[in-house]
Amino acid sequence: MWPGGGGRERGGGCCRPGRAGSLFHVCKGRRTSRPDQRRPSSVRPRGSPPRPLLSSTPMAIRARSWRPPPPPLLLLLLWVTGQAAPVAGLGLGSDSELQIERRFVPEECPRTVRSGDFVRYHYVGTFPDGQKFDSSYDRDSTFNVFVGKGQLIAGMDQALVGMCVNERRFVKIPPKLAYGSDGVSGVIPPDSVLHFDVLLMDIWNSEDQVQIHTYFKPPSCPRTIQVSDFVRYHYNGTFLDGTLFDSSHNRMKTYDTYVGIGWLIPGMDKGLLGMCVGEKRIITIPPFLAYGEDGDGKDIPGQASLVFDVALLDLHNPKDGISIENKVVPENCERRSQSGDFLRYHYNGTLLDGTFFDSSYSRNRTFDTYIGQGYVIPGIDEGLLGVCIGEKRRIVVPPHLGYGEEGRGNIPGSAVLVFDIHVIDFHNPSDSISITSHYKPPDCSVLSKKGDYLKYHYNASLLDGTLLDSTWNLGKTYNIVLGSGQVVLGMDMGLREMCVGEKRTVIIPPHLGYGEAGVDGEVPGSAVLVFDIELLELVAGLPEGYMFVWNGEVSANLFEEIDKDGDGEVLLEEFSEYIHAQVASGKGKLAPGFDAEMIVKNMFTNQDRNGDGKVTAEEFKLKDQETKHDEL
């Protein structure tokens, strides 16, 4: 049974003509049915207080030599006495007095029956010899009636006053407060003393309103339920006597609905207003604000008061946008994210009640994405705009900007999502490197260029300060030939035009670093890198395209000088010995930073045009691209 609406309320406490009723009541309540609805409809009970009738159809019961009952009685009420008799122990007083024994009284009794209240109760009616003449249990339906309005025999009208819900009374009613000397033909003999075993199930008054008892309220309550809000809540639904008729907990699914626009029974619409997420309250609803005279046709009988124990899990309005709460904003924020940027961030994802559903920390990997381009849910797309690197913020996303009515995975439908974000870094695909020079020596005239051999120290870290690598920790410099592809492109660019002794910071976006893949176990994918660099040594390189140059004039008899044995053929050993001798004497220079033997071998191979392992005078030629510096 859902706490949604039911059938139309028609009043209460009276039975339909032709249906079995009580022998001592003027009229009998009824239950009608409606189609089984598991979702709330847009039409809910809007009824008025019940109206009494004065007719009933007695139950056809055989008692000893009596015959079946006659046609329906037109009037069973014989007389009504004034005040209720005091509660007395059974057996006290004479048979002419009303006698009441309170056989069970509940510990809690917030309210007792007063004249004018409407009650629902079960009973068994017997004669003094134990012969049963009527029972509500046999009809599997409580008896529903107003008290003190002449709808009951006088003794019962008095006996019900002061009862608590769940109280059980044994009542002995003398003839003068029952059916007197006339009795009921064929059913109640004249001058009969009647015994009733009564159990009170429900009590309400037409002046009642929804009752709210909050038994838990969270310390923080930034927002409460208003009309037209959409909520998700769990509930247990019981009658006043504690009987459970429905529970969202048993279905392991929240009840999701709009509030205040007729999707719920009126009492629940009122009872939910003003609740905080995390709040727990008990909402008691009289039947004319619930399912009225008809009940729901299945689980809830007519004229039933309902008690809902509600825990609010979620709350939003379809007009809501995202909300952002800045937790930590770095003092230095040179740039804020914008549409088209690529972000790497950590997050914890919870529902509004704090229920965890996902975390990048648990995967030990950031979530990496473009923002403002539809790669993530709209609420996050918007919520990540304008962040600083290192910022921590909370983004609350309503379901229409999250996963909607359907939800996804362990995210329920229509759930408000809370993301606690920590921005690790971001960049734009159009970004280049960023260079900040912290120190330059007084003499900074010789600047690094392509081909130069550099020795430098560095610390490598992520933008959040996480250290990745350090040559200082290793105790040795990193050595490269600039422009030779020995480092990532961003580092190659960052080392240009640097003088010995200079210190600078180079920030490298991932497309100029290690890209989307990163380096397994060392550099995260799509990471922006920060290098703090100090250049310690610079060896000037050769002109572009050269691996060896002469420092002076080239001998006119170069081939003969190399061919020491004069056989007209130069082998690799002769060639290598000659080149190394020129370098050692300062007459020639090999490109710095490369394997000298490999350079010499490549030079020889270039001269060995036919590949026979020897160079002849006809094969031997100098490069003619430069006049001052020749290369073999």
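In the predicted model, cysteine 276 is buried, with a relative accessibility of 1%. This residue is joined through a disulfide to cysteine 221, at a sulfur-to-sulfur distance of 1.8 Å. Cysteine 221, by contrast, has a relative accessibility of 29% and counts as partly exposed, because a residue is classed as buried under 20% and as exposed over 50%. The torsion about the S-S bond linking cysteine 221 and cysteine 276 is -90°, a left-handed arrangement. The bond connects distant parts of the chain: cysteine 221 belongs to the loop between strand E7 (211-216) and strand E8 (230-239), and cysteine 276 to the loop between helix H3 (266-272) and strand E11 (280-285), with the two positions 55 residues apart in the numbering.

The structure contains four disulfides. When the bonded cysteines of the protein chain are numbered in sequence order, the pairing reads 1-2, 3-4, 5-6, 7-8. A further disulfide is formed by cysteine 333 and cysteine 388, whose sulfur atoms lie 1.9 Å apart. These two cysteines are likewise in distant parts of the chain, 55 residues apart, with cysteine 333 in the loop between strand E13 (323-328) and strand E14 (342-351) and cysteine 388 in the loop between helix H5 (378-383) and strand E17 (392-397). The link of cysteine 333 and cysteine 388 is left-handed, with -100° about the S-S bond. Cysteine 333 is partly exposed at 27% relative accessibility, whereas cysteine 388 is buried at 1%.

Cysteine 444 and cysteine 499 also form a disulfide, with 1.9 Å between their sulfur atoms. Cysteine 444 is found in the loop between strand E19 (434-439) and strand E20 (453-462), and cysteine 499 in the loop between helix H7 (489-494) and strand E23 (503-508); the bond therefore ties together parts that are 55 residues apart in sequence. Because the torsion about the S-S bond of cysteine 444 and cysteine 499 is about -100°, this disulfide is left-handed. Cysteine 444 has a relative accessible area of 22% and is partly exposed, while cysteine 499, at 1%, is buried.

Turning to the nonpolar interior, the largest core comprises 32 residues, and the members with the most contacts inside it are Val119, Tyr121, Met156, Leu160, Ile173, Phe196 and Val198. At least two residues of this core are supplied by each of strand E2 (118-126), strand E4 (143-146), helix H1 (154-159), strand E5 (168-173) and strand E6 (194-204). The greatest share comes from E6, which gives five residues. Beyond its neighbours within four places in sequence, valine 198 is in contact with Tyr121, His122, Tyr123, Met156, Leu160, Met163, Glu167, Arg168, Arg169 and Val171. A second, separate core consists of 31 residues, including Ile225, Met268, Ile283 and Leu312.

Phenylalanine 239 is located in strand E8. This residue is buried, with a relative accessibility of 10%. Its C-alpha atom is separated by 4.9 Å from that of leucine 306, although phenylalanine 239 and leucine 306 are 67 residues apart along the chain. Leaving aside neighbours within four places in sequence, the residues in contact with phenylalanine 239 are Arg120, Phe245, Asp299, Ile300, Pro301, Ala304, Ser305, Leu306 and Val307.

Further along the chain, the unreviewed UniProt entry places the feature "domain: EF-hand" at residues 550-585 and 595-630. The span of residues 550-585 is 53% helix and 8% strand, and its end C-alpha atoms lie 11 Å apart. Helix H10 (residues 596-607) has twelve residues and reaches 17 Å from its first C-alpha to its last, close to the 16 Å expected at 1.5 Å a residue. The buried residues of H10 are Ile599, Val600, Met603, Phe604 and Gln607. These residues are on the same side of H10, because they cover an arc of only 135° around the axis. The buried residues of H10 pack against strand E25 (548-550), strand E26 (569-570), helix H9 (572-585), strand E27 (588-590) and strand E28 (615-616).

Methods
Residues are numbered from 1 along each chain as its sequence is written. This is a predicted model: local features need pLDDT of at least 70, side-chain atom pairs count only at pLDDT 80 or more; totals for chains, interfaces and linings use all residues. Side-chain values use heavy atoms; hydrogens and water are left out. A disulfide is a pair of cysteine sulfur atoms within 2.5 Å. Helices (H or I, at least four residues) and strands (E, at least two) are DSSP runs, numbered from the N terminus. Buried means under 20% relative accessible area, exposed over 50%, partly exposed in between (1.4 Å probe, protein chains only). UniProt positions are given in the numbering used here, feature names are shortened, and annotations may be inferred rather than shown by experiment. A nonpolar core is a set of buried Ala, Val, Leu, Ile, Met, Phe, Trp, Tyr and Cys residues joined through side-chain atoms within 4.5 Å. Contact means heavy atoms within 4.5 Å. The expected span of a helix is 1.5 Å times one less than its number of residues. The arc is that of the directions from the helix axis to the C-beta atoms.
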